[in-house]
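Biologist: Here is a model to go through. Shall we take its packing and its open space in turn?

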Amino acid sequence: MICGSVLDEALATALLRHRETVLAPRRRLLAEGLGELAAWIIGWDLILEYSMSCATVASAWTHYFNEFLIVTLGWQLPHQITADPFTDVKLASGEVIQTWVNLPGMLIIGLVTYILVIGIRESAVTNTILVIVKLAVVLLVIGLGIGYIN
């Protein structure tokens, strides 16, 4: 069960990383050549790719989590909250039920998004500090060197 989920995640990540290594130089050239609009479109494309990958992995993890509950505790989450609304689930009795929402998958995506937002905030603070230090060094060099200009 755990091996399957790790393989799902590893495969999705490997495919995205492969695509990034192949297309990254082209995207950089596109962003430099066409400007900020192209870079903005590319950025949102990356977010879409990562969210699709995350949704696929989260959906698989819902199944694995439900199997884990069956094995360890002997019960499972209700079928209505463990699949997407477009999937009909056939029970052992033969009854077909309509599902509502994949709640565990949504919680996993929410947790991953929260972790990414925290990382982005920390990255933004670090970037701001580095920009301030760089500007201070440039201004210091200009201030010290202005006396040597004829």
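Modeller: Terms first: Ala, Val, Leu, Ile, Met, Phe, Trp, Tyr, Cys and Pro count as nonpolar, Asp, Glu, Lys and Arg as charged, and the others, Gly among them, as polar. The model is predicted: local features need pLDDT of at least 70, side-chain atom pairs 80 or more, while totals for chains, interfaces and linings use all residues. Numbering runs from 1 along each chain, and side-chain values use heavy atoms, without hydrogens and water.

Biologist: By class, which residues line the second largest pocket?

Modeller: Its lining includes Ser59, His63, Glu67 and Val89. A pocket here is an open set of 1 Å grid points where a 1.4 Å probe fits, with protein on both sides within 12 Å along at least five of seven lines; lining residues have an atom within 4 Å of a point. The split is 2 nonpolar, 7 polar and 1 charged.

Biologist: Which helix gives the largest share of that lining?

Modeller: Helices are DSSP runs (H or I, at least four residues), numbered from the N terminus. The largest share is 5 residues, from helix 2 (residues 36-73).

Terms used:
Helix = DSSP H or I, 4+ residues; strand = E, 2+ residues; numbered from the N terminus.
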